[in-house]
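Trainee: I have a model on screen and want to learn how to read it. Can we go through it feature by feature?

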Amino acid sequence: MNIIDFSLRRLVDLYSLASSLTGDSALLLFPSCRLAVPRSEIHEATLNYAHIFIYKDYERFEEFRAGGSERVVDIGGYLGLYSVKNLKAGKRVKVTVVEANPALCKYIYWNLKLNKVDERAKVLCVAVGKRRGWGWFYLGESLVNSSLIKGYVEDFSRVVGRLRVFKLTLMDALKMSGFKKIDLLKLDVEGSEGDVLEESTRALEEFDVEKIVVEIHEGYSSLKRLGKILEERYRLIVVNDGETPHQSFLYALSRR
């Protein structure tokens, strides 16, 4: 195939991908992946790409690098970038991604397909909270800041609506993943991290979760609280760059 044929095929491919999106969506082409996003989220999606692919905030240590874990559960999927990165990094990797906002779930489906990794992924459109049952999910003006906690959205964005969603516990979500053992759990649930882990510590043992990376939102999730929950079973490392004092990352590696 010569360069002209390749370029024409690429243009046709991109046209067919873009035409399948709805009018309020955009297709972003990054060096490492293709990303369908709501037009209102282009800026936030670009920051999320940098967060995952450039700064590698979930991969500061070798044990947590993308592709190094075969069974991954991604809770708080947003647009699916973290799941896409892990799936593209290893052909044996399988991911279950969980997202509370049904409007974003369709983008996760699209992005898995756009990057040709959908056959090794499962998407759960459900919230993960302290207890099982119905509750309100508050939508931020920036969808990335949407949360089960209204005050969290008010602090980091602006509440523009709310959805009635069904909440699962962490135990429920891990059971629905289909994995008997989980190599890596990523947890980013916009302020509810402490509640989710505190109520589901048994799930970590039952599924023999080897590694956990948690994005901590200080003021809503406490590093001290999370440390007490995890320190007996895991070796813990905290990363805080200082540029975002309200945010840090907790890495937990099983002592076994």
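Trainee: What follows α4, and what is the sign of its phi?

Mentor: K116 follows α4, and its phi is positive, near 60°. Helices (H or I, at least four residues) and strands (E, at least two) are DSSP runs, numbered from the N terminus. This is a predicted model, where local features need pLDDT of at least 70, side-chain atom pairs count only at pLDDT 80 or more, and totals for chains, interfaces and linings use all residues. Residues are numbered from 1 along each chain as its sequence is written, and side-chain values use heavy atoms, with hydrogens and water left out.

Trainee: What span should the 13 residues of α4 have?

Mentor: The expected span is 1.5 Å times one less than the number of residues. For α4 that gives 18 Å, and its end C-alpha atoms are 19 Å apart, which agrees.

Trainee: Which residues of α4 are buried?

Mentor: Start with the general idea. An α-helix has 3.6 residues a turn, so residues three or four places apart point the same way. Buried means under 20% relative accessible area, exposed over 50%, partly exposed in between (1.4 Å probe, protein chains only). In α4 the buried residues are L104, C105, Y107, I108, N111, L112 and L114.

Trainee: Which residue caps the N-terminal end of α4?

Mentor: N101 does, with a side-chain oxygen 3.0 Å from the backbone nitrogen of A103. N101 sits in the loop between β4 and α4 (102-114).

Trainee: Is N101 buried or exposed?

Mentor: Buried, because its relative accessible area is 2%. Contact means heavy atoms within 4.5 Å. Beyond its neighbours within four places in sequence, N101 is in contact with F137, L139, L143 and L163.

Trainee: Which hand does the unit of β4, α4 and β5 have?

Mentor: A crossover is right-handed if, with the strands pointing away from the viewer, the path from the first strand over the helix to the second runs clockwise. β4, α4 and β5 make a right-handed β-α-β unit. Two strands pair if DSSP finds at least two bridges between them. β4 and β5 pair in the parallel sense, over four bridges. One bridge partner of V95 to locate is A121, in β5.

Trainee: What is the strand order in the sheet of seven?

Mentor: Read across: β5-β4-β3-β9-β10-β12-β11, an open sheet with mixed pairing. β5 (121-124) and β11 (234-239) are the edge strands, each pairing on one side only. β11 runs antiparallel to β12 (residues 247-254), joined by six bridges. R235 has L253 of β12 as its bridge partner.

Trainee: Which strands does α3 lie across?

Mentor: Axes are lines fitted to C-alpha atoms, for helices over the stretch in contact, and angles run from 0 to 180 degrees between N-to-C directions. Helix α3 (residues 81-89) lies across β3 (71-75), β4 (94-98), β5, β9 (184-187) and β10 (211-217). It runs at about 180° to β4.

Trainee: And the sheet of three strands: what is its order?

Mentor: β6-β8-β7, open, with mixed pairing. β6 (127-128) and β7 (133-140) each have a single partner strand, so one side of each is left without a neighbour in the sheet. Eight bridges join β7 to β8 (residues 159-168), and these two run antiparallel. G135 stands opposite V165 in β8. Helix α6 (residues 170-177) packs on this sheet, touching β6 and β8.

Note on methods: A polar contact is a pair of N or O atoms within 3.5 Å; within protein, one must be able to donate a hydrogen and the other to accept it, and residues adjacent in sequence count only if both atoms are side-chain atoms.
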